[in-house]
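The exercises below are to be worked with the sequence and the coordinates side by side. Try each task before reading its solution.

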Amino acid sequence: MNPAPAGLPLVDAEEVRARISPSRARELVEKALLDGFDPAEDPARAHAPAGEGHLLLMPSTLGEWVGVKIASVSPDNPGRGLPRIQAVYMLMDARTLTPRLLVDGVALTSLRTPATSAVAADRLAAPGASRLVVFGTGPQAVSHTLAMAGIRDLADVRLVGRDPGRVASALAEIAAHGITAEAGAAADVADADIVVCATSAAEPLFDGSLVRDGACVVAIGSHEPDRRELDAALMGRSRVVVEERGAALRECGDVVLAIDEGTLAAGDLVGLAPLVRGEAHRSTDRPNVFKGSGMSWQDLAVAVGVAPAG
């Protein structure tokens, strides 16, 4: 490779979205696993107190590339008119560790999270799944709706949120992408083929007994061991797929709390890599749950797709 230019190129959010479509992001995440990457090799997410908040540091290595995402979390920022979470991604070549590219980290996260969920759901949802229920009204709820529409022909899409105004705004954003959706309620889970939970909830969002056998549930709301969107009973009666067992036991409250309450065992967890490689399969006689907390390798897999060839 040639030496990095004096001014390190920055790929902003608009350019990230122009270069990488949701379907391409899904392909890149999937390819990393099919090429043999083991998520257990990924370094754990590091937390560091900083200023009036904290930093998240997420490094990873995939083949010829190394990358690290630095995300800042400042709880008081919304009151200042600033985002609570901001992030930048640095992409380097693995041989010399020379910085090659800076990428908008928030845009990268908004791509890789639903891409990873779609990789899992494509294998855990029934081939004819057509009814989707999404909990949440933020960017991840919208992007997950689009991601699920990319893997299944959806005939019924419902969005569940506490604030009618935010629900209406999210529905309008979804409609702008050509997808018809309507406001829903927690009880709609009973008829859903796919359920997505993309909220900041600390307690279960619905009664897990409503979920039908064979249905797919995706939960991505937090990476904290004391918060959950799914109840322990649902976790206990489901096939539970996680990005990687160690990461799930560190960061996924849905998993940690269900184990603490005795409905789930660590040995029951299925990794995403075996699922993608065909070594594990969806269940038809119980629900299928994918719990994701986000891992560094996913950012890098998508960031490599942003980098220019050569």
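**Exercise 1. Find the residues that T145 is in contact with beyond its neighbours within four places in sequence, and place T145 in its helix.**

Solution. With contact taken as heavy atoms within 4.5 Å, and with neighbours within four places in sequence left aside, T145 is in contact with L132, V134, V157, L159, I174 and I179. The model is a predicted one, in which local features need pLDDT of at least 70 and side-chain atom pairs count only at pLDDT 80 or more, while totals for chains, interfaces and linings use all residues. Residues are numbered from 1 along each chain as its sequence is written, and side-chain values use heavy atoms, with hydrogens and water left out.

The next step is to locate T145, which belongs to helix 4; helices (H or I, at least four residues) and strands (E, at least two) are DSSP runs numbered from the N terminus. T145 is buried, its relative accessible area being 0%, where buried means under 20%, exposed over 50% and partly exposed in between, for a 1.4 Å probe and protein chains only. Finally, a polar atom of the T145 side chain lies 2.8 Å from the backbone oxygen of A141.

**Exercise 2. Describe how strand 7 is joined to strand 8, and how the chain continues to strand 9.**

Solution. Begin with strand 7 (131-135), which runs parallel to strand 8 (residues 156-160) and is joined to it by five bridges; strands count as paired if DSSP finds at least two bridges between them. Within this pairing, F135 stands opposite V160.

Next, follow the connection: strand 7, helix 4 and strand 8 make a right-handed β-α-β unit, right-handed meaning that, with the strands pointing away from the viewer, the path from the first strand over the helix to the second runs clockwise. Strand 8, helix 5 (residues 164-176) and strand 9 also make a right-handed β-α-β unit. Strands 8 and 9 (residues 182-183 for the latter) run parallel and are joined by two bridges, with L159 opposite A183.

The loop between strand 7 and helix 4 (139-149) holds T137, which is buried with a relative accessible area of 18%. Its contacts, leaving aside neighbours within four places in sequence, are G161, R166, V167 and A170.

**Exercise 3. Which residues touch the most other members of the largest nonpolar core, and which helix gives the most to this core?**

Solution. A nonpolar core is a set of buried Ala, Val, Leu, Ile, Met, Phe, Trp, Tyr and Cys residues joined through side-chain atoms within 4.5 Å. The largest has 66 residues, of which L91, L132, M148, V196 and L272 touch the most other members. Helix 3 (residues 105-124) gives the most to this core, with nine residues. Apart from it lies another core, of 25 residues, including V133 and V240.

To see the surroundings of one member, take L132: beyond neighbours within four places in sequence, L132 is in contact with T145, M148, L154, D156, V157, R158, I194 and V196.

**Exercise 4. Where is L28, and is L28 buried or exposed?**

Solution. L28 lies in helix 2 (residues 22-34) and is buried, with a relative accessible area of 10%. Leaving aside neighbours within four places in sequence, its contacts are I20, A301, V302 and G305. The C-alpha atoms of L28 and A115, which are 87 residues apart along the chain, are separated by 8.6 Å.

How values were computed
Polar contact = N/O pair within 3.5 Å; in protein donor to acceptor, adjacent residues only side chain to side chain.
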